[in-house]
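Me: Please look closely at the site where the ligand is held and describe its surroundings in a connected way. I should also like to see how individual residues elsewhere in the chain can be described in similar terms.

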Amino acid sequence: MHEMDNPLDDPAADPFEIARTAAADIAHLTGVGRHDIALTLGSGWGKAAEVVGETIATIPATEVTGFSHPALEGHVGTLRSILTPSGKRILVIGARTHYYEGHGVRRVVHSVRTAAATGATVMVLTNGAGGVNRTYTPGRPVLISDHINLTADSPLEGATFVDLTDLYSRRLRGIARTVDPSLPEGVYCQFRGPHYETPAEVRMAGIIGGDIVGMSTALEAIAAREAGMEVLGFSLITNLAAGIQETPLSHDEVLDAGRAAEPVISQLLARVVEAI
Ligand code: 8IG
């Protein structure tokens, strides 16, 4: 497929300025000038947007500066402006660019920087992921308490030293647990992908302190913190990681588990967003 020119691919360009342009595009295309909370919907979480509130506008991500075409089925390439019952403005990002697509980390975190430029002060990141922790079962949502970034990359450029001590906000996790006290917490390991892990890599992830393995979120969370946002993260365990489950991993299995869990996690997300 022919790749369109993307301004983020110019090394001399300022990614924050491109994010401000993207935020102006969103304001223009949705008619909503500012958003309070941004919500990235990963595998399995796609239906949540309908439950969070009233959709004011839906726009193709490709009409917004710097956004790429989605690479994957189950990832909706749209941006939506939602109004919640209590009057919060939510920017729903259904167009995640993954690190494994190979377009560089600027493109991966562009949606996060754009969300910050729309005014959002909270970034909610969701994903579908593999469970390493043996107490997890497919279909279970897990609150991300911390991450281990195994990409050996960073969205920060130059000598930008950002503190990540409370990256996945204790305050926001507390709010999530008031909505669902049974929510377990876990440490998310971001692997590069797109292959799933070997059983040995999954054992390693467990030994170094990981509970969840996935291919997104950590780099986005870092960029969100750099932009001054508070971060909340959820993983939907769609499969047990390789070697934890006996059968080979398949993308169909991932999609099935997502569909089955959809009503429950959509309600969860709607209630958490309204409680923030
Ligand atoms: I869904 O088992 C989903 N995404 N790295 N490993 C990794 N990413 C995933 C997995 C998994 N399941």
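Reply: A polar contact is a pair of N or O atoms within 3.5 Å. With that cut-off in hand, the ligand site can be read from this model, which is a predicted one.

In the side chain of Glu197, an N or O atom is 2.4 Å from a nitrogen atom of the ligand. This pair counts as a polar contact because 2.4 Å is within 3.5 Å. The side chain of Asn239 also takes part: one of its N or O atoms lies 2.7 Å from a nitrogen atom of the ligand. At Gly130 the partner is a backbone N or O atom, which lies 3.4 Å from a nitrogen atom of the ligand. The ligand taken alone exposes 320 Å², and the protein buries 95% of that area.

These three residues belong to a wider shell. The residues around the ligand include Gly128, Ala129 and Gly130, then Tyr196 and Glu197, and also Val213, Gly214 and Met215. Thr238, Asn239, Leu249 and Val254 are likewise among them. By character, the shell divides into six nonpolar residues, five polar residues and one charged residue. Glu197 is in this shell, and Glu counts as charged.

Which strands each supply at least two residues of the shell? They are β5 (122–131), β8 (212–214) and β9 (230–240). Strand β5 gives the most, with three residues. As for the space taken by the ligand, it is the largest pocket.

Two residues outside the list may now be described in similar terms. Val92 lies in strand β4, which covers residues 89–93. Is Val92 buried or exposed? Its relative accessibility is 3%, and it counts as buried because the limit for that class is under 20%. The C-alpha atom of Val92 is separated by 5.0 Å from that of Arg80, although the two residues are twelve residues apart along the chain.

Thr160 has its place in the loop between β6 (140–149) and α4 (170–179). With a relative accessible area of 29%, Thr160 is partly exposed. A polar atom of the Thr160 side chain lies 2.7 Å from the backbone oxygen of Glu157. The C-alpha atoms of Thr160 and Ala95 are separated by 27 Å, and these residues are 65 residues apart along the chain.

Terms used. Residues numbered from 1 in each chain as written. Predicted model: local features only at pLDDT ≥ 70, side-chain atom pairs only at ≥ 80, totals over all residues. Heavy atoms only, no water. Near = heavy atom within 4 Å. Polar contact = N/O pair within 3.5 Å; in protein donor to acceptor, adjacent residues only side chain to side chain. Areas by Shrake-Rupley, 256 points an atom, 1.4 Å probe, with all protein chains shown as cover. 1 Å grid on protein atoms, 1.4 Å probe; cavity = no way out; pocket = protein on both sides within 12 Å on 5 of 7 lines; lining within 4 Å. Sits in = over half its atoms within 2 Å of the grid points. Helix = DSSP H or I, 4+ residues; strand = E, 2+ residues; numbered from the N terminus. Buried < 20%, exposed > 50% of the residue type's maximum accessible area, 1.4 Å probe, protein only.
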